[in-house]
There are 2 protein chains.
Amino acid sequence: MRVSAKADYAVRAAAELAAAGEGPVKGERLADAQEIPLQFLEHILLDLKHQGIVSARRGAKGGYWLARPAAEVTIADVVRAVEGPIAHVQSTPPEAISYHGSAEHLREVWIAVRASVRSVLEEVTLADLVSGELPPVVGELTAAPEAWLASTAKG
Amino acid sequence: MRVSAKADYAVRAAAELAAAGEGPVKGERLADAQEIPLQFLEHILLDLKHQGIVSARRGAKGGYWLARPAAEVTIADVVRAVEGPIAHVQSTPPEAISYHGSAEHLREVWIAVRASVRSVLEEVTLADLVSGELPPVVGELTAAPEAWLASTAKG
DNA sequence: TGCACTCTTGACTTAGAAGGTCGAAAATGT
DNA sequence: ACATTTTCGACCTTCTAAGTCAAGAGTGCA
């Protein structure tokens with residue numbers, strides 16, 4: 001249940017592209033702006049290209065840009081492009097696992113976890129992210145002070 | 001954003017212990033009941049012991065049992081015992097990361113993700129899990145048909 | 001005491017991900 | 001046509017996840 005470096009980098013790079021607007025942006029500029037290792041970033045951008053999230057052109061005036069409008073790309077799209085499906089259990093979608101005995105209802109729990117993650121990541125678009133006008137669900141979840149603490153009351 | 005085999009196994013073993021009640025249960029019986037590799041499971045149970053979630057005794061009448069009542073152990077406790085903190089980004093708690101430029105608001109998004117995961121995992125106790133009477137939040141999140149689909153409309 | 005039983009611990013193996021290096025391919029401007 | 005710029009993709013190293021193996025140490029019973 002952790003967010004990989006790859007996913008974090010991918011979203012940051014995509015945000016930078018969303019903010020840049022139309023023209024192609026060089027990988028090096030993205031790497032500088034977000035302090036991401038350049039070579040690693042280019043692998044990530046390649047993944048994003050294969051998933052149709054960014055486009056790229058080589059050569060002197062080349063670079064990367066968003067293949068779709070920033071308002072139509074969600075953070076979930078970006079994360080899935082580099083990490084694969086969200087909230088899989090043992091590399092298997094939770095609805096495809098059958099639990100036995102006392103753990104029978106665990107499937108519902110994992111599905112609820114996936115749904116709750118999706119409720120955030122599929123609502124926030126790159127346009128929301130760069131404008132800072134995040135959808136209501138984010139505000140509701142970050143309103144409670146304990147949301148900002150590393151550990152909760154129970155430890 | 002995936003659930004490790006270790007975490008899944010840990011919750012299943014803990015559920016089995018919760019269902020078993022008082023007496024010590026042998027590792028082998030847990031492994032059989034939940035189809036978990038025995039040697040791997042015993043490493044996991046050791047983690048759970050170190051975190052004070054289970055107790056153990058060696059010898060002929062030995063085995064494992066829950067150190068606390070099943071209604072006082074949440075799934076979040078179990079997951080944290082084997083995976084470490086929930087929803088960390090690049091092995092760092094999201095509130096400790098500072099994002100620059102266009103990605104400035106990404107921190108709020110990751111914190112919202114963590115809060116949403118916690119809202120499920122910290123609500124469900126082992127007692128809830130074995131009885132099948134899951135708290136309302138799970139029912140709400142699993143009610144929508146798309147929660148049960150591997151991919152959503154947008155892909 | 002001795003012994004069978006079971007947890008405890010550490011070393012080891014394998015597979016894949018994280019992160020980085022290098023050379024080739026392709027597009028642009030002169 | 002040619003040099004420059006930048007993406008593209010193969011390869012390599014380090015680290016973690018997942019799982020195995022074998023030996024050590026406490027517990028109960030005869």
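What covers the buried residues of α2(B)? Keep that in mind as you go through these notes; point 5 comes back to it.

1. First, a reminder that you are looking at a predicted model. Everything below is computed from that model, so treat it as a description of a prediction.

2. Start with chain A on its own. Of its 155 residues, 45% count as buried. The chain has 7 helices and 2 strands, and if you walk along the sequence you meet them in the pattern α-α-α-β-β-α-α-α-α. Its C-alpha atoms fill a box of roughly 60 × 35 × 25 Å along the principal axes. Have a look at the contacts too: among those between residues at least 6 apart in sequence, 59% join residues at least 24 apart.

3. Now bring in chain B. Here 55 residues of chain B are in contact with 55 residues of chain A. On the chain B side, at least two residues each come from α1 (5-20), α2 (27-34), α4 (75-83), α5 (106-121), α6 (126-131) and α7 (136-143). The largest share belongs to α5(B), with 14 residues. Sorted by class, this side of chain B has 35 nonpolar, 11 polar and 9 charged residues.

4. How are the two chains related? A rotation of 180°, with 0.0 Å of shift along its axis, puts chain B on chain A with an RMSD of 0.0 Å. The two copies are therefore related as by a two-fold rotation axis. The same surface serves both copies, since 100% of the contact residues of chain B recur in chain A.

5. Back to the opening question, and to α2(B). The buried residues in this helix are B:L30, B:A31 and B:Q34. Seen down the axis of α2(B), they fall within an arc of 100°, so they line one face of the helix. A handy rule to remember here: an α-helix has 3.6 residues a turn, so residues three or four places apart point the same way. The cover over the buried residues of α2(B) includes α1 and α3 of chain B. On the face turned away from the buried side you will find the exposed residues B:E28 and B:D32. Right after α2(B) comes B:E35, which has a positive phi, near 50°.

6. It's worth zooming in on one residue, B:L30, which sits in helix α2 of chain B. Is B:L30 buried or exposed? B:L30 is buried, because 25 other C-beta atoms lie within 10 Å, and 20 or more is the cut-off for being buried. Leaving aside neighbours within four places in sequence, B:L30 is in contact with B:A13, B:E16, B:V25 and B:L41. Try finding B:Y64 as well: B:Y64 is 34 residues from B:L30 along the chain, yet their C-alpha atoms are separated by 9.3 Å.

7. Last, the DNA. There are 24 residues around DNA strand D, and those that come nearest are A:G27, B:S4, B:A5, B:P37 and B:G59. Both chains appear when you ask which elements give two or more residues to this surface: α3 (38-50) and β2 (63-66) of chain A, together with α1 and α3 (38-50) of chain B. The most comes from α3(A), with 3 residues. By class, the surface near DNA strand D divides into 8 nonpolar, 8 polar and 8 charged residues.

Terms used
Residues are numbered from 1 along each chain as its sequence is written. Chains are lettered from A and ligands numbered from 1 in the order in which they are written. This is a predicted model: local features need pLDDT of at least 70, side-chain atom pairs count only at pLDDT 80 or more; totals for chains, interfaces and linings use all residues. Two residues are in contact if their C-beta atoms, placed from the backbone, lie within 7 Å. Helices (H or I, at least four residues) and strands (E, at least two) are DSSP runs, numbered from the N terminus. Ala, Val, Leu, Ile, Met, Phe, Trp, Tyr, Cys and Pro count as nonpolar, Asp, Glu, Lys and Arg as charged, and the others, Gly among them, as polar. Copies are superposed by least squares on the C-alpha atoms of residues with pLDDT of at least 70 in both. A residue is near a molecule or strand if its C-beta atom, placed from the backbone, lies within 6 Å of it. A residue is buried if 20 or more other C-beta atoms lie within 10 Å of its own, exposed if 12 or fewer, and partly exposed in between; C-beta atoms are placed from the backbone. The arc is that of the directions from the helix axis to the C-beta atoms.
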